[in-house]
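This report describes one protein chain, from single residues up to helix packing and the chain as a whole. The sequence and the structure come first.

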Amino acid sequence: MSNATLLKNSKYYSDNAVDVDFLRAHEHLESHGPRHVPVSHALILEKFRDKCEANGLMLFNEQGALSKDGERYMYVADVVPEIGDKDEYHLAVGFRSFNDESSCFQMSCGNTVLMCANMMQTSVIIPSRRKHTHTIHELLESKIDAGLERFRHDARETEENIAFMKTVPYTDELLGKLIIALGRTKAIGNTNIMKILDEVDNPSYNDHNDMTAWRIMNACTAVTTHRMANPLQAMNSSKLMHDELMKLIKPGYVPLGDVDVANVAA
């Protein structure tokens, strides 16, 4: 199951939208005013991949979407973890760049990343933002660097959180506290709470012999990735479940990320 989700519509190309030659052939680079400077989507994708490779990040499940007018581009991908199995857990990265002045260049990273044609973008990295003005070309690489620096930080934090979960013994008391905490958020319905209980008792995909807090997190993940049809609901629920569990087992825990959702022309 991919942690990176891209939602587009019939106004977007998607079949070849992670191919730089396709992007060059179909992108539109017309300036919309004296201060506006469009930037090549193909160039950004090349720089992004080069920077990922230089940082030792291996991408998979790459997805792209280019608007048919050639001005809007969105990209997301999953990242192979440095430690552990990518099927057990991994993070995601992405960026968008709109040459129609509707939004700036900005990256995302996190346990889950979602971008949508309706301008929604989750897990935005604020320091990566750059408007399409005369400095975008000279600052683009530094903005990508800022985004990947945040990714490396969050990846280390996530690996540490997972390792910590695996040291905390599973108890029904801990599970009960999580159920109460999720219920009080009013964001997780009773049906999905019962699914979590079922996955804890009868794991569909995970280790039946695991008796740590990681068993609870795996149950939550199984529900969000395999038993929720709405991708945005699944993404928001996954982060909420992770954060609520970490708050219970690690006092003072601070959730990762700058903002959850950005859908404004920053």
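Setting aside neighbours within four places in sequence, I193 is in contact with I179, G183 and I188. The model is a predicted one. I193 belongs to helix α5 and is buried, because its relative accessible area is 8%, under the 20% limit for that class. Far along the chain from I193 is A4: the two are 189 residues apart in sequence, and their C-alpha atoms are separated by 24 Å.

**Other single residues**

H41 is placed in helix α2, which covers residues 41–54. With a relative accessibility of 1%, H41 counts as buried. Apart from residues up to four places away in sequence, H41 touches L23, E27, L66, G70, E71, R72, Y73, S97 and N99.

K68 sits in the loop between β3 and β4, the latter being residues 72–79. At 47% relative accessibility K68 counts as partly exposed, since that class lies between 20% and 50%. Residues up to four places away not counted, the contacts of K68 are S10, K11, Y12 and Y13. K68 and D243 are 175 residues apart in sequence, and the distance between their C-alpha atoms is 38 Å.

Two residues have a positive phi although neither is a glycine: N61 and E101. N61 lies in strand β3, residues 59–67, whereas E101 lies in the loop between β5 (91–98) and β6 (105–110). N61 is partly exposed, with a relative accessible area of 39%. E101 is also partly exposed, with a relative accessible area of 46%.

The relative accessible areas of these residues, with their classes, are listed here.

| Residue | Relative accessible area | Class |
|---|---|---|
| H41 | 1% | buried |
| I193 | 8% | buried |
| N61 | 39% | partly exposed |
| E101 | 46% | partly exposed |
| K68 | 47% | partly exposed |

**Helix packing**

Two packed helices are described by the angle between their axes and the distance between the axes. Both values are available for two helix pairs, and helix α6 takes part in each.

Helix α5 (residues 190–201) packs with helix α6 (residues 213–226) at an angle of about 130°, and their axes are 8 Å apart. The two helices are therefore oblique to each other, because an angle over 145 degrees would be needed for roughly antiparallel and one of 65 to 115 for roughly perpendicular. The crossing of α5 past α6 is right-handed. On the α5 side the contact is made by N192, K195, I196, E199, V200 and D201, and on the α6 side by R215, I216, A219, C220, A222 and V223. By class, the residues of this α5–α6 contact are seven nonpolar, one polar and four charged.

How do the axes of α6 and helix α7 (residues 231–249) cross, and at what distance? They come within 9 Å and cross at roughly 165°. The angle is over 145 degrees, so α6 and α7 are roughly antiparallel to each other. α6 passes α7 in a right-handed crossing. From α6, the residues A213, I216, M217, C220 and T224 meet A234, S237, S238, M241, H242, L245 and I249 of α7. This α6–α7 contact has eight nonpolar and four polar residues, and no charged residues.

I216 and C220 of α6 appear in the contact with α5 and also in the contact with α7.

**The chain as a whole**

The secondary structure of the chain consists of seven helices and nine strands. Its C-alpha trace spans about 60 × 35 × 30 Å along the principal axes. For 266 residues, a compact globule would have a radius of gyration near 18 Å; the chain has 20 Å, which agrees with that expectation. Of the 266 residues, 50% count as buried. Among contacts with a separation of 6 or more, 65% are between residues 24 or more positions apart.

Technical notes:
Residues numbered from 1 in each chain as written. Predicted model: local features only at pLDDT ≥ 70, side-chain atom pairs only at ≥ 80, totals over all residues. Heavy atoms only, no water. Axes fitted to C-alpha atoms, helices over the stretch in contact; angles between N-to-C directions. Helix = DSSP H or I, 4+ residues; strand = E, 2+ residues; numbered from the N terminus. Parallel < 35°, antiparallel > 145°, perpendicular 65-115°, else oblique. Left-handed = near helix turned anticlockwise from the far one by under 90°. Contact = heavy atoms within 4.5 Å. Nonpolar A, V, L, I, M, F, W, Y, C, P; charged D, E, K, R; others polar. Buried < 20%, exposed > 50% of the residue type's maximum accessible area, 1.4 Å probe, protein only. Rg over C-alpha atoms; globule rule 2.2 N^0.38 Å.
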